[in-house]
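Good morning, everyone. Please bring up the sequence and the model on your screens, and then we will walk through the sheets and the helices together.

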Amino acid sequence: MRNQNQTPLLDALKACTTHAHAPFYTPGHKRGKGIAQPLADLLGTKIFCADLTELANLDNLFAPEGVILAAQELAAEAFGAAQTWFLVNGSTCGIEAAILATCGTGDKIIMPRNVHSSAIAGLILSGAMPIFLNPEYDSVLDIAHSITPEAVQAALQKHPDTKAVLVVYPTYYGVCGNLQAIAQITHQYHIPLLVDEAHGAHFAFHPDLPPSALAAGADLTVQSTHKVLGAMTQASMLHVQGDRIDIDRVSKALQLVQSTSPSYILLASLDAARQQMALYGKGLMSRTLELADIARRRISQIPGLSILQMPNLDQTRLTVTVSGLGLTGFAAEEILDEKLGVTAEFGSLQHLTFIISLGNTASDIEQLVQGFMRVGSGEWG
Ligand SMILES: Cc1ncc(COP(=O)(O)O)c(C=O)c1O
């Protein structure tokens with residue numbers, strides 16, 4: 001067991017910000033001295049002291065052997081992986097790399113028809129051939145869920161030369177398909193299960209959340225640490241376990257899709273977010289689940305509104321069906337945002353979906369509930 005209190009990358013970055021010297025390297029703003037004033041007015045100057053490049057003490061993202069390696073190893077342990085890569089271009093580059101690392105031109109990969117655009121980009125870059133499966137579809141709620149183990153089984157029987165299976169887990173609505181069963185079926189064909197877990201980076205930290213993709217048997221998973229945990233926007237992770245993934249090919253693929261000048265502010269935010277979850281994750285997730293539960297109970301009591309509930313749902317993801325009020329999700333989204341100071345993650349024809357995370361407070365939840373009470377009563381003008 002490593003000491004999860006450590007933050008090797010964050011510490012090294014902090015040390016570099018206080019080291020007095022004349023800088024003759026990128027970035028051109030030279031630790032904020034040359035930054036445009038309006039940007040300094042918005043952000044202050046301190047942040048630019050940490051906007052550094054690959055200095056000797058800061059390691060190299062593409063060949064880590066110092067503080068980045070140490071930070072990635074701590075993350076691997078905290079998230080339950082054998083190996084972890086920090087990403088500075090979101091899950092987008094992780095999913096592209098996952099496909100590039102497992103499929104070449106003409107190779108078959110099974111994936112849901114409604115995959116994120118990054119998987120389509122991965123197909124274009126690799127030349128892999130998609131075997132698209134339709135996800136389960138709830139026609140009453142107009143919500144697409146996951147692909148089923150039965151559909152994966154049938155596709156593999158029909159295409160036994162498939163090179164990988166890619167699953168979205170959880171969906172944007174927080175719905176988790178039967179990943180354990182899909183992993184078992186996939187592994188019978190000796191091929192890897194790749195998971196787009198962009199919205200599930202918190203799963204490993206609380207027993208009342210769905211099992212993480214790695215716990216369910218995935219070989220490779222990509223998480224947007226920035227979407228649901230405390231990392232900064234774009235900061236994500238790719239995790240691997242077992243022996244079905246070629247580690248070297250993942251590293252090479254990530255070099256294809258990422259900048260050679262990664263932001264150390266983003267990288268350090270991953271180190272800090274990992275430490276936060278390793279030390280306090282269970283408590284933070286208990287509180288987040290409690291807040292979500294309060295929102296769920298109170299909003300479901302408002303006439304005309306109902307809450308998406310189903311087995312294997314991430315309970316921190318809240319989807320409110322507003323069609324019973326005679327409104328579309330888009331209209332309700334606009335009213336809440338423009339008139340009532342409540343901004344949703346996204347609206348759809350019948351619903352509004354909210355991400356409740358470790359950054360939300362009881363007063364956010366109160367504002368959300370009050371907002372829906374006013375929408376429900378028609379008194380928002
Ligand atoms: C299901 C899914 N996968 C992948 C991504 C890409 O993640 P990122 O924004 O971290 O690049 C998103 C982003 O919205 C997503 O919703």
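In which sense do strand 1 and strand 9 pair, and over how many bridges? Please keep in mind as we look that this is a predicted model. Strand 1 and strand 9, the latter covering residues 236-240, pair in the antiparallel sense, and five bridges connect them. Within this pair, Phe86 stands opposite Met237 of strand 9. As general background, the strands of a sheet pair through backbone hydrogen bonds, and this can happen in a parallel or an antiparallel way.

Let us now step back to the whole sheet. It is an open sheet of seven strands, and if you read across it, the order is 1-9-8-7-6-2-3, with mixed pairing. Strand 1 (83-87) and strand 3 (129-133) stand at the edges and have a single partner strand each, so one side of each is left without a neighbour in the sheet. On average, neighbouring strands of this sheet are turned by 20° against each other, if direction is ignored. Helix 11, which spans residues 264-300, lies across strand 1 and strand 9 and runs at about 135° to strand 1.

Next, the second sheet. Here four strands form an open sheet in the order 10-11-13-12, and the pairing is antiparallel. Its edge strands are strand 10 (306-307) and strand 12 (346-347), each of which pairs on one side only. Strand 10 runs antiparallel to strand 11 (residues 317-321) and is joined to it by two bridges, with Ser306 standing opposite Thr321 of strand 11. Helix 11 comes back at this point, since it also lies across strand 10 and strand 11, running at about 10° to strand 11. Helix 12 (residues 329-340) packs on the sheet as well, where it touches strand 12 and strand 13 (351-355), and its direction makes about 50° with that of strand 13.

Finally, a pair of helices. How do helix 5 and helix 6 cross? The axes of helix 5 (residues 90-102) and helix 6 (residues 117-126) come within 8 Å and cross at roughly 40°, which means that helix 5 is oblique to helix 6. The crossing of these two helices is right-handed. On the side of helix 5, the contact includes Thr92, Ile95 and Glu96, while on helix 6 the residues include Ser118, Ala119 and Leu123. Sorted by class, the contact of helix 5 with helix 6 has seven nonpolar, four polar and one charged residues.

Key: Residues are numbered from 1 along each chain as its sequence is written. This is a predicted model: local features need pLDDT of at least 70, side-chain atom pairs count only at pLDDT 80 or more; totals for chains, interfaces and linings use all residues. Side-chain values use heavy atoms; hydrogens and water are left out. Two strands pair if DSSP finds at least two bridges between them. Axes are lines fitted to C-alpha atoms, for helices over the stretch in contact, and angles run from 0 to 180 degrees between N-to-C directions. Contact means heavy atoms within 4.5 Å. Angles under 35 degrees count as roughly parallel, over 145 as roughly antiparallel, 65 to 115 as roughly perpendicular and the rest as oblique. A crossing is left-handed if the near helix is turned anticlockwise from the far one by less than a right angle, and right-handed if clockwise. Ala, Val, Leu, Ile, Met, Phe, Trp, Tyr, Cys and Pro count as nonpolar, Asp, Glu, Lys and Arg as charged, and the others, Gly among them, as polar.
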